[in-house]
Amino acid sequence: MKRKLLYIFLTFIFCITALTSYSQQQRFPKPEFSSGYEQPDVVTPEPRSGGFEYLDVAVLLVVLSLAAWFALRKRSRQGILWLSVFTLVYFGFYRNGCICSVGSFQNITLSFFDAGYSVSISTLLFFLLPLIFALFFGRVFCAGACPLGAIQDLLIVKPLSLPKWLNKTLGLIPYIYLALAVLFAATGTDFIVCRYDPFVGIFRMDAKFHMIVLGISFLLMGMFVARPYCRFLCPYGVLLSWMSRFSKWHLTITPSLCIKCKLCTTSCPFDAIDFPVNEKEIVQSGPGTKKFIVYAMLIPLWIVAGAFVGERSHLYLSRANQNVYLAELLISDPEIKNDPDNIDVQTFLESGKTMETLVEEAEVMRGQFKTGSMIAGGFIGLVIGLTLINTTVFRKRQDYVPHRGNCLSCGRCMDYCPVEK
Amino acid sequence: MKNKGITIFLIALAVIIVIIIVNEYLSDKPDKGKPNPYQYSVEEFKKIDPSLIRYKESVNFRIGFDNPAAIAIYNDTIYAAGDDIIKIIDLKGTLSGQINLPVSPHTLKVFNDKIFFAAGNRLFVYNMSDESTSEWEPLEELSFITAIAANANDIFIADAGNRRVVRYSPEGHLISVFDGKAEEGALHGFIIPSAYFDIEINDEGKLWIVNPGMHSLENYTFEGQLRSHWKHASMKTEGFSGCCNPAFFTFLSDGRFVTSEKGLVRIKTYKVSGEFEGVVAAPDKFIEDGHAPDIAADSKNNIYAMDFDKKVIRVFNPVD
Ligand code: SF4
């Protein structure tokens, strides 16, 4: 069976390579002016022509289906592992990490707020398919279809278990990142998830030096703190986690009944296994209900506090917007207009746009940032409030089960379970 | 403490990650920008080896146009168009006549006793014998006539707006249209990124057309079939560079080509075969970011360049 799988995998890679050379022949060659001038490389890879973008969607669909099948039906860690190798090669190194589901929510957000920006069907599908799969099968996208996850997963060496408080605290970062990414995308300022993607530079082999260092740092960290980007940064993981909590089916550690042998307890490198809850201990642990009521009452306060912090920081955040920053800069330092080396200022001057228009646009943008920052702050406040409430809630649990939101469906724990089907 | 070394290592990595992200966020701002690493400097290509310069500038004629538009030479007489006038000047620069026009022409061509001139999509003929002007059926709205070529039986106009050449009878009947594309789609057709699209018929009656986007000169039959071509896409002196060049061309009396380029403004000559021959006027003869001069040549191979920036006709004589 393993051989068969390998064969299918290699055949697929071969077909893809053949298709690539065909598609490259269709492209119009770059003009050669024989000047020795080095043309800058494009920041994002060239879009796929014609039906090729749908080929990517088809590949994603196949990989997601296989991941779900390996995780839920076949219960094969080996299968998921090979799938992530394929994903790393195809979506990572071959497709250069673009198109990528992780960053796609920014395109979707911008399309909602900018009437002049539309997303292609393939982008929409890249955004939706992993979420739909998560709603039915859990985070199988993280297990086998995400190149960012795959590169980290393959380098896990000695995963450490983090203290619960640290896990919870760091687990808030993706929510903050998500809120900021939506804010920046909605205002058309930047796609920060793509800009700070630590692995895309490694996939494309063309990143700036410090971004390569960033990627390598994450990978080195990932040797001991498994998949740090997925767990403590990935904003798309937040959406997947939400979906996965309500998933119709989900990977289980045991194929049958849990015999509480505890063999799986140390198997999860992501601290995603929930242990059985001893009801007696909960009762003895004190006034949970009281705490719950206090924390629940605090939620509106958290939201207001978050919105307040958002409002306070909107000026700073809005400076990430080119128009706002440029307007402030030109007002505070008019001399900069004479700096011929300042590309942004010179580009503005040559665009023919007047200073009044720039300032007007900057003011509108600031207003948008104010509203957006307050909403983002309120959202983060809500998340903090709910996280605190969560610490007071005990769910009755008799078996060792994967946490539906945090489990990446990698399948490692299944191999530890001695129970036969 | 268990795993102390690893913990320190992880904390160090976390610090590096935070520093890189914060630094990246703060650094990419207009006042912190570094000089453009991809700045395209053409300074080096403005330098011309003096041994390649085969012409010397002798005189300039002030033509008195606010908006000089085009130059043509026929029977060793200069016809200069600008504003809404055509001035007739002898080779020494003496004004011998002036024709007032109903429009401001963009291009002109003189053949026999007729002056063809065009403005936008409109084509006019001025008859020198009876001093009458007639207008032909205008082309479509998108048309923009950039050049006219004429012989006894055919008039061709280059329509940059529609990237095509239109052939007329001397009476103004439209005979045919061609776009330089081959039936099987093997040829690109005319690639005209900007309103520079020149056309000429040489003394042998051969129709030559610039395909500026391809940096080539193409010889077509009157029916629009490509017969031969030569091209030089290069930043070096012997080639044509930028999006679209040459902007203008003309013929010397022996069939050699004279070309005028924009961007890196310069005038050069090419042999009949298309091989680079020499430089008429180097880029340092023109103002920075100037326009490509329109050019014409007399029977002694002197070259007359209409300098749109200095608003003069500049005369270049062969050195040997
Ligand atoms: S499948 Fe889920 S619970 Fe099991 S090891 Fe992987 S991430 Fe942990």
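Here are some worked exercises on a predicted model with chains A and B.

**Exercise 1. Get to know chain A.**

Task: Find out which secondary structure elements chain A has, and how much of the chain is buried.

Solution:
- Step 1. Start with the elements: chain A has 19 helices and 2 strands.
- Step 2. Turn to burial: 44% of the 421 residues of chain A count as buried.
- Step 3. Look at the surface: the accessible area of chain A is about 22,200 Å², and carbon and sulfur atoms contribute 65% of that.
- Step 4. Now the contacts: among those in chain A with a separation of 6 or more, 82% link residues 24 or more positions apart.

**Exercise 2. A nonpolar patch on chain A.**

Task: Work out which residues make the nonpolar surface patch of about 640 Å², and then place Phe136(A).

Solution:
- Step 1. List the members: Leu124(A), Leu128(A), Ile132(A), Leu135(A), Phe136(A), Phe246(A) and Trp249(A) make the patch.
- Step 2. Find Phe136(A) in the fold: this residue belongs to helix 5 of chain A, residues 121–137.
- Step 3. Classify Phe136(A): its relative accessible area is 35%. Partly exposed covers the values between 20% and 50%, so Phe136(A) is partly exposed.

**Exercise 3. A strand of chain B and its two partners.**

Task: Decide whether strand 15 of chain B is enclosed or open, and describe how this strand pairs.

Solution:
- Step 1. Check burial: strand 15 spans residues 207–211 of chain B, and 5 of its 5 residues are buried, so the strand is largely enclosed by the rest of the structure.
- Step 2. Sort the side chains. In a regular strand, side chains alternate between the two faces of the sheet. Here Leu207(B), Ile209(B) and Asn211(B) point one way, while Trp208(B) and Val210(B) point the other way.
- Step 3. Take one partner: strand 14 of chain B (residues 199–201) runs antiparallel to strand 15 and is joined to it by 3 bridges. Ile199(B) stands opposite Ile209(B).
- Step 4. Look at the turn of this hairpin: 5 residues lie between strands 14 and 15 of chain B, and Gly205(B) in the turn has a positive phi of about 80 degrees.
- Step 5. Take the other partner: 5 bridges join strand 15 of chain B to strand 16 (residues 216–220), again antiparallel. Here Ile209(B) stands opposite Glu218(B).
- Step 6. Finish with that hairpin: it has 4 residues between the strands, and His215(B) has a positive phi near 55 degrees.

**Exercise 4. Repeat the analysis on strand 23.**

Task: Describe the burial and the pairing of strand 23 of chain B.

Solution:
- Step 1. Burial: 5 of the 5 residues of strand 23 (residues 303–307) of chain B are buried, so this strand is largely enclosed by the rest of the structure.
- Step 2. Faces: Ile303(B), Ala305(B) and Asp307(B) point one way, and Tyr304(B) and Met306(B) the other.
- Step 3. Pairing with strand 22 of chain B (residues 294–297): the two strands are antiparallel, with 4 bridges. Ala297(B) has Ile303(B) as its bridge partner. The hairpin has 5 residues between the strands, with Asn301(B) at a positive phi near 65 degrees.
- Step 4. Pairing with strand 24 of chain B (residues 312–318): this pair is antiparallel too, over 5 bridges. Val312(B) is the bridge partner of Asp307(B). In this hairpin 4 residues separate the strands, and Lys311(B) has a positive phi near 55 degrees.

**Exercise 5. An asparagine in a loop.**

Task: Determine whether Asn151(B) is buried or exposed, and what its side chain reaches.

Solution:
- Step 1. Location: Asn151(B) sits in the loop between strand 10 (145–150) and strand 11 (155–159) of chain B.
- Step 2. Burial: the relative accessibility of Asn151(B) is 18%. Buried means under 20%, so Asn151(B) counts as buried.
- Step 3. Polar contacts: the Asn151(B) side chain reaches the backbone nitrogen of Asn153(B) at 3.0 Å and that of Asp154(B) at 2.9 Å.
- Step 4. Other contacts: beyond its neighbours within four places in sequence, Asn151(B) touches Phe111(B), Ile201(B) and Phe222(B).

**Exercise 6. Unusual backbone spots.**

Task: Locate a cis peptide bond in chain B and a positive phi in chain A.

Solution:
- Step 1. Recall the background: most residues other than glycine have a negative phi, and most peptide bonds are trans.
- Step 2. The bond from Asn245(B) to Pro246(B) is cis, with omega near -5 degrees. Pro246(B) lies in the loop between strand 17 (226–231) and strand 18 (248–251) of chain B.
- Step 3. Asn96(A) has a positive phi of about 60 degrees. Its loop connects helix 3 (77–94) and helix 4 (101–113) of chain A.

How values were computed: Residues are numbered from 1 along each chain as its sequence is written. Chains are lettered from A and ligands numbered from 1 in the order in which they are written. This is a predicted model: local features need pLDDT of at least 70, side-chain atom pairs count only at pLDDT 80 or more; totals for chains, interfaces and linings use all residues. Side-chain values use heavy atoms; hydrogens and water are left out. Buried means under 20% relative accessible area, exposed over 50%, partly exposed in between (1.4 Å probe, protein chains only). Contact means heavy atoms within 4.5 Å. Accessible areas come from the Shrake-Rupley method with a 1.4 Å probe; for residues, only the protein chains shown count as cover. Two strands pair if DSSP finds at least two bridges between them. Patches are made of residues with over 30% relative accessible area and no salt bridge: like charges are joined within 9 Å, nonpolar side chains (Val, Leu, Ile, Met, Phe, Trp, Tyr) within 5 Å. A salt bridge is a side-chain nitrogen of Lys or Arg within 4 Å of a carboxyl oxygen of Asp or Glu. A polar contact is a pair of N or O atoms within 3.5 Å; within protein, one must be able to donate a hydrogen and the other to accept it, and residues adjacent in sequence count only if both atoms are side-chain atoms.
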